[in-house]
Amino acid sequence: MVNGLATTFTPSNTPSNSNLNQTTWLSALTINDLLNQGSKVIIDTTSNGTGSGNITVNSSINKTAGSEASLTLNAHSNIVLNSSISSSSAALNLNLNSDTDGNGSGATSLASGASLSLNGGTVTANGSISMAVSALIKDRSEEHTSELQS
């Protein structure tokens, strides 16, 4: 929400999905609005149900207003960034936590043409990471706890 409070989305509290065995869709517009308010946005997947526990970003996330904010993606399995994540107003700190159960079945990938431009924010990644040749991380400071592969 606002004023430094965290907003957490999980399949069980996302209005569009009452069944943990189905895909949950979360609008990039919703995420953008919360980040523009300076919020700490957390998106979690779990091992409950028969879903894969992946987080896939298919629409760009663009922070365009407000103070510093953070976006944390916690995936039971994979995080797939098919679209860019950026900030043009204050720093956006990005935390990418794939394979949260630690069984080695998850990774983070940054697809071809996708970029991270965080306006001086940090990127923290836990788990295996791969980047397409044309993927780009700019204006950043990086911290990761696993090997970066390209």
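The following dialogue considers how strands and burial may be read in a predicted model.

Q: How many helices and strands are there in the protein?

A: The protein has 1 helix and 15 strands. Of its 150 residues, 43% are buried.

Q: How should one read whether a strand is enclosed or not, and what is the case for strand E8?

A: The general idea is to look at the burial of its residues, where buried means under 20% relative accessible area. Strand E8 covers residues 92-97, and 5 of these 6 residues are buried, so E8 is largely enclosed by the rest of the structure.

Q: Which strands pair with E8, and in what sense?

A: Strand E5 (residues 69-74) pairs with E8 in the parallel sense, over 6 bridges. Strand E11 (residues 122-126) also pairs with E8 in the parallel sense, over 4 bridges.

Q: Which residues stand opposite each other in these pairings?

A: Leu71 stands opposite Leu94 in E8. Asn95 stands opposite Thr124 in E11.

Q: Where do side chains point along a strand?

A: In a regular strand, they alternate between the two faces of the sheet.

Q: Is Ser130 buried, partly exposed or exposed?

A: The class depends on relative accessibility: under 20% is buried, over 50% is exposed, and partly exposed lies in between. Ser130 has 29% relative accessibility and therefore counts as partly exposed. Ser130 belongs to strand E12 (residues 128-131).

Q: What separates the C-alpha atoms of Ser130 and Thr108?

A: Ser130 and Thr108 are 22 residues apart along the chain, and their C-alpha atoms are separated by 6.4 Å.

Key:
Residues numbered from 1 in each chain as written. Predicted model: local features only at pLDDT ≥ 70, side-chain atom pairs only at ≥ 80, totals over all residues. Heavy atoms only, no water. Buried < 20%, exposed > 50% of the residue type's maximum accessible area, 1.4 Å probe, protein only. Helix = DSSP H or I, 4+ residues; strand = E, 2+ residues; numbered from the N terminus. Pairing = 2+ DSSP bridges.
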